[in-house]
Amino acid sequence: MRGTMVAYTKTILERVSFDPKLFRKELEKAIKVLLPYEIEQLREWLTQFVHGKPELSDCPNLLPA
């Protein structure tokens, strides 16, 4: 089940990426439920996903260090 949480989160974020405010809200919700190693997986994906999307470019900074 846990392995699918990252995939589910990516799907949700892809679907709401048209609205930066909603994207951030969903990202913040995901941060609360994902485990640290899952957040790292999400960080790698997110960095590539927001490339070329200036309205979302600050989103990787929302992830905990």
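Colleague: How many residues does helix α2 have, and what does it reach from its first C-alpha to its last?
Modeller: Helices here are DSSP runs of H or I with at least four residues, numbered from the N terminus. The expected span is 1.5 Å times one less than the number of residues, which for α2 (residues 20-33) comes to 20 Å. The model is predicted: local features need pLDDT of at least 70, side-chain atom pairs count only at pLDDT 80 or more, and totals for chains, interfaces and linings use all residues. Numbering runs from 1 along each chain as its sequence is written, and side-chain values use heavy atoms, with hydrogens and water left out. Helix α2 has 14 residues and reaches 20 Å.

Colleague: Within what arc do the buried residues of α2 fall?
Modeller: Buried means under 20% relative accessible area, exposed over 50% and partly exposed in between, with a 1.4 Å probe and protein chains only. In α2 the buried residues are Phe 23, Glu 26, Leu 27, Ala 30 and Ile 31. Taking directions from the helix axis to the C-beta atoms, they line one face because they fall within an arc of 145°.

Colleague: Which residue of α2 forms a salt bridge with Asp 58?
Modeller: A salt bridge needs a side-chain nitrogen of Lys or Arg within 4 Å of a carboxyl oxygen of Asp or Glu. Here the closest N and O atoms are 2.8 Å apart. The pair links distant parts of the chain, 34 residues apart, with Asp 58 in the segment after α3. The partner in helix α2 is Arg 24.

Note on methods: Helices (H or I, at least four residues) and strands (E, at least two) are DSSP runs, numbered from the N terminus.
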